[in-house]
Amino acid sequence: MPLRSAAVHQHLEDFVAKATTPADLTITPRDLRFGRGTTMRRWWLNDDPFATAFYNALSVTFPKGEGFFVDSVRTFREGTPPRLRAEIQAFIKQEVIHTREHVAFNRHVTDQGYDTRLLERHIDEALALTKGKPPIGALAATMALEHFTAMLAHELIANPRHLAGGDEQAAALWRWHAAEEIEHKGVAYDTWLHATRDWPRRRRWMVKAIVMLATTQKFFAGRYKGMLELLRQDGITGWRAHRGILWYALGRPGMARKILGAWIAFFLPGFHPWKHDDRALIALAESDYADAVLPRVAVAAA
(Lines give C-alpha, C1' and ligand atoms only; values in the text may rest on other atoms or scores of the structure.)
Protein backbone atom coordinates (compact mmCIF):
# COMPACT_ATOMS: atom_id res chain seq x y z
CA MET A 1 0.00 0.00 0.00
CA PRO A 2 2.77 2.54 0.83
CA LEU A 3 4.45 1.82 -2.52
CA ARG A 4 1.16 2.39 -4.36
CA SER A 5 0.56 5.64 -2.48
CA ALA A 6 4.05 6.80 -3.34
CA ALA A 7 3.43 6.02 -7.02
CA VAL A 8 0.17 7.98 -7.02
CA HIS A 9 1.88 10.87 -5.26
CA GLN A 10 4.67 10.89 -7.85
CA HIS A 11 2.13 10.80 -10.68
CA LEU A 12 0.39 13.85 -9.27
CA GLU A 13 3.66 15.69 -8.77
CA ASP A 14 4.63 14.93 -12.37
CA PHE A 15 1.25 16.22 -13.52
CA VAL A 16 1.66 19.53 -11.73
CA ALA A 17 5.24 19.84 -12.94
CA LYS A 18 3.91 19.95 -16.50
CA ALA A 19 1.85 23.05 -15.69
CA THR A 20 3.39 26.44 -16.21
CA THR A 21 2.77 28.02 -12.82
CA PRO A 22 6.15 29.52 -11.82
CA ALA A 23 8.07 27.29 -9.45
CA ASP A 24 9.02 30.28 -7.29
CA LEU A 25 5.51 31.73 -7.06
CA THR A 26 4.36 32.58 -3.55
CA ILE A 27 0.71 33.37 -2.86
CA THR A 28 0.60 35.69 0.13
CA PRO A 29 -2.68 36.75 1.78
CA ARG A 30 -2.26 40.45 2.68
CA ASP A 31 -4.59 41.15 5.59
CA LEU A 32 -5.17 44.84 4.86
CA ARG A 33 -8.07 47.19 5.50
CA PHE A 34 -9.19 50.14 3.42
CA GLY A 35 -11.56 53.05 3.83
CA ARG A 36 -12.65 52.63 7.44
CA GLY A 37 -13.63 55.94 8.97
CA THR A 38 -13.44 57.80 5.66
CA THR A 39 -16.14 59.31 3.46
CA MET A 40 -16.21 58.42 -0.22
CA ARG A 41 -17.52 60.74 -2.91
CA ARG A 42 -20.66 59.55 -4.68
CA TRP A 43 -18.72 59.55 -7.97
CA TRP A 44 -15.49 58.54 -6.26
CA LEU A 45 -13.59 57.78 -9.47
CA ASN A 46 -12.59 61.08 -11.05
CA ASP A 47 -16.12 62.42 -10.66
CA ASP A 48 -17.08 60.09 -13.52
CA PRO A 49 -20.48 58.41 -13.06
CA PHE A 50 -19.71 55.70 -15.64
CA ALA A 51 -16.34 54.70 -14.20
CA THR A 52 -17.80 54.77 -10.70
CA ALA A 53 -20.78 52.66 -11.78
CA PHE A 54 -18.51 50.02 -13.32
CA TYR A 55 -16.45 49.45 -10.18
CA ASN A 56 -19.44 49.77 -7.85
CA ALA A 57 -21.42 47.21 -9.88
CA LEU A 58 -18.42 44.87 -9.96
CA SER A 59 -17.82 45.20 -6.23
CA VAL A 60 -21.41 44.26 -5.42
CA THR A 61 -20.78 40.86 -7.05
CA PHE A 62 -17.71 40.02 -4.99
CA PRO A 63 -18.95 38.96 -1.54
CA LYS A 64 -21.24 36.21 -2.87
CA GLY A 65 -19.21 35.56 -6.02
CA GLU A 66 -15.97 34.99 -4.17
CA GLY A 67 -17.75 32.73 -1.72
CA PHE A 68 -18.80 30.69 -4.76
CA PHE A 69 -15.18 30.59 -5.99
CA VAL A 70 -13.95 29.37 -2.61
CA ASP A 71 -16.53 26.61 -2.37
CA SER A 72 -15.93 25.50 -5.97
CA VAL A 73 -12.17 25.13 -5.56
CA ARG A 74 -12.29 23.74 -2.03
CA THR A 75 -14.52 20.88 -3.22
CA PHE A 76 -11.59 19.52 -5.25
CA ARG A 77 -8.81 20.21 -2.74
CA GLU A 78 -8.58 16.69 -1.35
CA GLY A 79 -6.13 14.51 -3.25
CA THR A 80 -4.27 17.36 -4.88
CA PRO A 81 -0.46 17.46 -4.72
CA PRO A 82 0.99 19.27 -1.69
CA ARG A 83 2.00 22.38 -3.59
CA LEU A 84 -1.39 22.84 -5.23
CA ARG A 85 -3.14 22.13 -1.93
CA ALA A 86 -1.11 24.89 -0.27
CA GLU A 87 -1.93 27.27 -3.12
CA ILE A 88 -5.63 26.48 -2.78
CA GLN A 89 -5.44 27.28 0.93
CA ALA A 90 -3.70 30.61 0.24
CA PHE A 91 -6.25 31.33 -2.49
CA ILE A 92 -9.09 30.75 -0.02
CA LYS A 93 -7.50 33.08 2.54
CA GLN A 94 -7.05 35.82 -0.04
CA GLU A 95 -10.64 35.50 -1.26
CA VAL A 96 -12.03 35.61 2.28
CA ILE A 97 -10.17 38.87 2.95
CA HIS A 98 -11.33 40.26 -0.41
CA THR A 99 -14.89 39.51 0.62
CA ARG A 100 -14.48 41.39 3.90
CA GLU A 101 -13.03 44.45 2.19
CA HIS A 102 -15.67 44.57 -0.51
CA VAL A 103 -18.41 44.27 2.09
CA ALA A 104 -16.89 47.42 3.64
CA PHE A 105 -16.57 49.09 0.22
CA ASN A 106 -20.18 48.23 -0.62
CA ARG A 107 -21.26 49.95 2.58
CA HIS A 108 -19.69 53.12 1.18
CA VAL A 109 -21.71 52.60 -2.00
CA THR A 110 -25.00 52.34 -0.12
CA ASP A 111 -23.97 55.22 2.17
CA GLN A 112 -23.93 57.38 -0.95
CA GLY A 113 -27.61 56.59 -1.44
CA TYR A 114 -27.38 53.78 -3.97
CA ASP A 115 -29.86 50.93 -3.66
CA THR A 116 -28.02 47.73 -4.64
CA ARG A 117 -30.83 45.27 -3.93
CA LEU A 118 -31.61 44.69 -7.62
CA LEU A 119 -27.93 43.97 -8.35
CA GLU A 120 -27.79 41.55 -5.44
CA ARG A 121 -30.93 39.80 -6.66
CA HIS A 122 -29.35 39.30 -10.08
CA ILE A 123 -26.33 37.71 -8.38
CA ASP A 124 -28.56 35.39 -6.38
CA GLU A 125 -30.37 34.37 -9.57
CA ALA A 126 -27.09 33.64 -11.36
CA LEU A 127 -25.75 31.55 -8.48
CA ALA A 128 -29.06 29.69 -8.21
CA LEU A 129 -28.46 28.27 -11.68
CA THR A 130 -25.56 26.23 -10.26
CA LYS A 131 -27.62 24.58 -7.53
CA GLY A 132 -27.94 20.85 -7.96
CA LYS A 133 -25.42 20.79 -10.81
CA PRO A 134 -22.24 18.64 -10.76
CA PRO A 135 -19.42 20.33 -8.81
CA ILE A 136 -17.13 20.16 -11.84
CA GLY A 137 -19.44 22.68 -13.53
CA ALA A 138 -18.98 25.16 -10.70
CA LEU A 139 -15.21 24.65 -10.88
CA ALA A 140 -15.26 25.28 -14.63
CA ALA A 141 -17.21 28.50 -14.11
CA THR A 142 -14.78 29.57 -11.41
CA MET A 143 -11.82 28.81 -13.68
CA ALA A 144 -13.34 31.01 -16.41
CA LEU A 145 -14.28 33.85 -14.05
CA GLU A 146 -10.84 33.79 -12.44
CA HIS A 147 -9.38 34.36 -15.89
CA PHE A 148 -11.71 37.34 -16.22
CA THR A 149 -10.56 38.82 -12.92
CA ALA A 150 -6.92 38.24 -13.88
CA MET A 151 -7.40 40.03 -17.21
CA LEU A 152 -9.10 42.98 -15.52
CA ALA A 153 -6.46 43.05 -12.77
CA HIS A 154 -3.60 43.15 -15.26
CA GLU A 155 -5.11 46.01 -17.23
CA LEU A 156 -6.12 47.94 -14.10
CA ILE A 157 -2.56 48.01 -12.74
CA ALA A 158 -0.73 48.25 -16.07
CA ASN A 159 -2.71 51.32 -17.15
CA PRO A 160 -2.86 53.96 -14.38
CA ARG A 161 -5.58 55.79 -16.31
CA HIS A 162 -8.20 53.36 -14.97
CA LEU A 163 -7.98 54.62 -11.39
CA ALA A 164 -6.64 58.13 -12.04
CA GLY A 165 -8.46 60.71 -9.98
CA GLY A 166 -10.00 58.13 -7.67
CA ASP A 167 -10.41 58.58 -3.93
CA GLU A 168 -7.19 57.36 -2.37
CA GLN A 169 -8.60 54.57 -0.22
CA ALA A 170 -10.91 53.25 -2.93
CA ALA A 171 -8.13 53.22 -5.55
CA ALA A 172 -5.80 51.50 -3.09
CA LEU A 173 -8.39 48.79 -2.44
CA TRP A 174 -8.73 48.04 -6.14
CA ARG A 175 -4.96 47.93 -6.73
CA TRP A 176 -4.51 45.58 -3.77
CA HIS A 177 -7.29 43.31 -4.96
CA ALA A 178 -5.90 43.31 -8.50
CA ALA A 179 -2.41 42.40 -7.28
CA GLU A 180 -3.71 39.35 -5.43
CA GLU A 181 -5.88 38.31 -8.39
CA ILE A 182 -2.74 38.25 -10.52
CA GLU A 183 -0.87 36.32 -7.83
CA HIS A 184 -3.43 33.51 -7.59
CA LYS A 185 -4.60 33.54 -11.21
CA GLY A 186 -3.44 29.98 -11.86
CA VAL A 187 -4.99 28.26 -8.84
CA ALA A 188 -8.49 27.59 -10.19
CA TYR A 189 -7.04 26.60 -13.56
CA ASP A 190 -4.54 24.16 -12.02
CA THR A 191 -7.33 22.73 -9.87
CA TRP A 192 -9.41 22.29 -13.03
CA LEU A 193 -6.50 20.53 -14.76
CA HIS A 194 -6.10 18.22 -11.80
CA ALA A 195 -9.83 17.48 -11.52
CA THR A 196 -10.04 16.66 -15.25
CA ARG A 197 -6.67 14.90 -15.52
CA ASP A 198 -8.35 11.73 -16.84
CA TRP A 199 -10.38 13.55 -19.48
CA PRO A 200 -9.36 13.45 -23.14
CA ARG A 201 -7.73 16.71 -24.15
CA ARG A 202 -10.46 17.46 -26.69
CA ARG A 203 -13.23 17.07 -24.12
CA ARG A 204 -11.43 19.33 -21.65
CA TRP A 205 -10.99 22.02 -24.30
CA MET A 206 -14.61 21.79 -25.48
CA VAL A 207 -16.00 22.13 -21.96
CA LYS A 208 -13.78 25.03 -20.97
CA ALA A 209 -14.48 26.84 -24.26
CA ILE A 210 -18.25 26.48 -23.90
CA VAL A 211 -18.10 27.57 -20.27
CA MET A 212 -15.98 30.61 -21.12
CA LEU A 213 -18.35 31.68 -23.89
CA ALA A 214 -21.33 31.38 -21.57
CA THR A 215 -19.44 33.11 -18.76
CA THR A 216 -18.46 35.98 -21.04
CA GLN A 217 -22.05 36.60 -22.06
CA LYS A 218 -23.28 36.49 -18.47
CA PHE A 219 -20.41 38.62 -17.15
CA PHE A 220 -20.92 41.47 -19.59
CA ALA A 221 -24.71 41.28 -19.45
CA GLY A 222 -24.64 41.31 -15.66
CA ARG A 223 -22.26 44.25 -15.35
CA TYR A 224 -24.15 46.15 -18.06
CA LYS A 225 -27.44 45.74 -16.22
CA GLY A 226 -25.79 46.66 -12.94
CA MET A 227 -24.30 49.83 -14.38
CA LEU A 228 -27.61 50.81 -15.96
CA GLU A 229 -29.37 50.46 -12.61
CA LEU A 230 -26.80 52.55 -10.71
CA LEU A 231 -26.75 55.18 -13.45
CA ARG A 232 -30.56 55.29 -13.36
CA GLN A 233 -30.30 56.22 -9.71
CA ASP A 234 -28.03 59.08 -10.79
CA GLY A 235 -30.65 60.27 -13.26
CA ILE A 236 -28.67 59.01 -16.28
CA THR A 237 -30.96 56.92 -18.49
CA GLY A 238 -31.81 56.10 -22.10
CA TRP A 239 -29.34 56.72 -24.91
CA ARG A 240 -27.06 58.74 -22.64
CA ALA A 241 -26.56 55.78 -20.32
CA HIS A 242 -26.03 53.24 -23.10
CA ARG A 243 -23.66 55.49 -25.03
CA GLY A 244 -21.64 56.28 -21.92
CA ILE A 245 -21.27 52.62 -20.94
CA LEU A 246 -20.19 51.57 -24.43
CA TRP A 247 -17.68 54.42 -24.70
CA TYR A 248 -16.26 53.57 -21.27
CA ALA A 249 -15.92 49.87 -22.18
CA LEU A 250 -14.77 50.17 -25.79
CA GLY A 251 -13.45 53.70 -26.16
CA ARG A 252 -11.64 55.34 -23.28
CA PRO A 253 -10.26 53.88 -21.10
CA GLY A 254 -11.62 50.86 -22.98
CA MET A 255 -11.20 48.05 -20.47
CA ALA A 256 -13.28 45.58 -22.52
CA ARG A 257 -11.37 46.40 -25.70
CA LYS A 258 -7.97 46.06 -24.07
CA ILE A 259 -8.56 42.62 -22.55
CA LEU A 260 -9.71 41.13 -25.86
CA GLY A 261 -6.32 39.62 -26.70
CA ALA A 262 -6.00 37.92 -23.31
CA TRP A 263 -9.56 36.62 -23.68
CA ILE A 264 -8.77 35.07 -27.07
CA ALA A 265 -5.62 33.46 -25.65
CA PHE A 266 -7.79 31.39 -23.32
CA PHE A 267 -8.99 29.32 -26.31
CA LEU A 268 -5.55 28.62 -27.77
CA PRO A 269 -3.94 25.16 -27.45
CA GLY A 270 -1.63 24.90 -24.47
CA PHE A 271 -3.13 27.91 -22.70
CA HIS A 272 -2.22 28.47 -19.08
CA PRO A 273 -2.70 31.69 -17.08
CA TRP A 274 1.00 31.83 -16.24
CA LYS A 275 2.17 31.67 -19.83
CA HIS A 276 2.17 35.42 -19.36
CA ASP A 277 4.18 36.13 -16.21
CA ASP A 278 3.07 39.57 -15.07
CA ARG A 279 4.21 39.40 -11.45
CA ALA A 280 6.07 42.69 -11.90
CA LEU A 281 2.68 44.39 -11.72
CA ILE A 282 2.20 43.10 -8.17
CA ALA A 283 5.22 45.07 -6.94
CA LEU A 284 4.01 48.11 -8.88
CA ALA A 285 0.59 47.92 -7.24
CA GLU A 286 2.08 47.49 -3.79
CA SER A 287 4.19 50.61 -4.20
CA ASP A 288 1.06 52.55 -5.15
CA TYR A 289 -1.22 51.41 -2.32
CA ALA A 290 1.28 51.06 0.53
CA ASP A 291 0.85 54.62 1.82
CA ALA A 292 -2.93 54.44 1.56
CA VAL A 293 -3.38 51.31 3.68
CA LEU A 294 -4.94 51.83 7.08
CA PRO A 295 -2.76 50.31 9.83
CA ARG A 296 -4.29 47.30 11.54
CA VAL A 297 -3.95 48.97 14.96
CA ALA A 298 -5.94 51.98 13.82
CA VAL A 299 -9.12 50.26 12.81
CA ALA A 300 -11.67 47.95 14.29
CA ALA A 301 -12.27 44.59 12.67
CA ALA A 302 -14.97 44.61 10.05
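**Loops, helices and hollows in a predicted model**

User: Where in the chain is the place of aspartate 47?

Analyst: In this predicted model, aspartate 47 is found outside the helices that flank it, in the stretch of chain that connects them. Its place is the loop between H1 and H2.

User: Is aspartate 47 buried, partly exposed or exposed?

Analyst: The relative accessibility of aspartate 47 is 49%. Buried means under 20% and exposed means over 50%, with partly exposed in between. Because 49% falls in that middle range, aspartate 47 counts as partly exposed.

User: What is the phi of aspartate 47, a residue that is not a glycine?

Analyst: The loop between H1 and H2 that holds aspartate 47 also holds asparagine 46, whose phi is positive and near 60 degrees although the residue is other than glycine. Aspartate 47 likewise has a positive phi, and its value is about 55 degrees.

User: How many helices does the protein chain have?

Analyst: Read along the sequence, the pattern of the protein chain is written with α at every position, as α-α-α-α-α-α-α-α-α-α-α-α. The number of strands is zero, and the number of helices is twelve.

User: What percentage of the residues of the protein chain count as buried?

Analyst: The protein chain has 302 residues, and each can be judged by its relative accessible area, with buried meaning under 20%. Of these 302 residues, the share that counts as buried is 52%.

User: Among contacts between residues at least 6 apart in sequence, what percentage join residues at least 24 apart?

Analyst: The contacts in question are those in the protein chain whose two residues lie at least 6 apart in sequence. Within that set, the share that joins residues at least 24 apart is 86%.

User: How are H2 and H9 oriented where they pack?

Analyst: Two packed helices are described by the angle between their axes and the distance between the axes. For H2 and helix H9, residues 238–251, the axes are 10 Å apart and the angle is about 75 degrees. Since an angle from 65 to 115 degrees counts as roughly perpendicular, the orientation of H2 to H9 is roughly perpendicular.

User: Which residues of H9 make the contact with H2?

Analyst: On the H2 side, the contact is made by Phe50, Ala51, Phe54 and Tyr55. The residues of the two sides taken together divide into seven nonpolar, one polar and one charged. On the H9 side, the contact is made by Arg240, Ala241, Gly244, Ile245 and Tyr248.

User: Which element gives the largest share of the lining of the largest pocket?

Analyst: The largest pocket holds about 890 Å³ of space, and among its 32 lining residues the closest to the centre are Ala126, Leu127, Leu145, Thr215 and Lys218. Two or more lining residues come from each of helix H2 (49–74), helix H4 (117–128), helix H5 (135–158) and helix H8 (201–233). By class, the lining has 18 nonpolar, eight polar and six charged residues. The largest share, ten residues, comes from H8.

User: Is threonine 215 buried or exposed?

Analyst: Threonine 215 lies in helix H8, and beyond residues up to four places away in sequence it touches Ala144, Leu145 and Phe148. Its relative accessibility is 9%, and because buried means under 20%, threonine 215 counts as buried.

User: What volume of space lies in the largest cavity?

Analyst: A search of the whole structure finds three cavities of 30 Å³ or more. In the largest cavity, the space is about 130 Å³.

User: Which of the 13 residues that line the largest cavity are the closest to its centre?

Analyst: H2, H5 and helix H6 (168–183) each supply at least two residues of this lining, which divides by class into ten nonpolar, two polar and one charged. The closest to the centre are Leu58, Thr149, Leu152, Ala153 and Trp174.

User: Which elements give two or more residues to the lining of the second largest cavity?

Analyst: The second largest cavity has a volume of about 50 Å³, and its lining divides into four nonpolar, four polar and one charged residue. The lining consists of Ala57, Val60, Thr61, Leu119, His122, Ile123, Gly222, Arg223 and Gly226. The elements that give two or more of these residues are H2, H4 and H8.

User: Which two residues does a cis peptide bond join?

Analyst: Proline 253, one of the two, lies in the loop between H9 and helix H10 (255–258). The omega of the bond is about 5 degrees, and the residues joined are arginine 252 and proline 253.

Notes: Residues numbered from 1 in each chain as written. Predicted model: local features only at pLDDT ≥ 70, side-chain atom pairs only at ≥ 80, totals over all residues. Heavy atoms only, no water. 1 Å grid on protein atoms, 1.4 Å probe; cavity = no way out; pocket = protein on both sides within 12 Å on 5 of 7 lines; lining within 4 Å. Points joined across faces, edges and corners; volume = space filled by probe spheres on them. Helix = DSSP H or I, 4+ residues; strand = E, 2+ residues; numbered from the N terminus. Nonpolar A, V, L, I, M, F, W, Y, C, P; charged D, E, K, R; others polar. Axes fitted to C-alpha atoms, helices over the stretch in contact; angles between N-to-C directions. Parallel < 35°, antiparallel > 145°, perpendicular 65-115°, else oblique. Contact = heavy atoms within 4.5 Å. Buried < 20%, exposed > 50% of the residue type's maximum accessible area, 1.4 Å probe, protein only.
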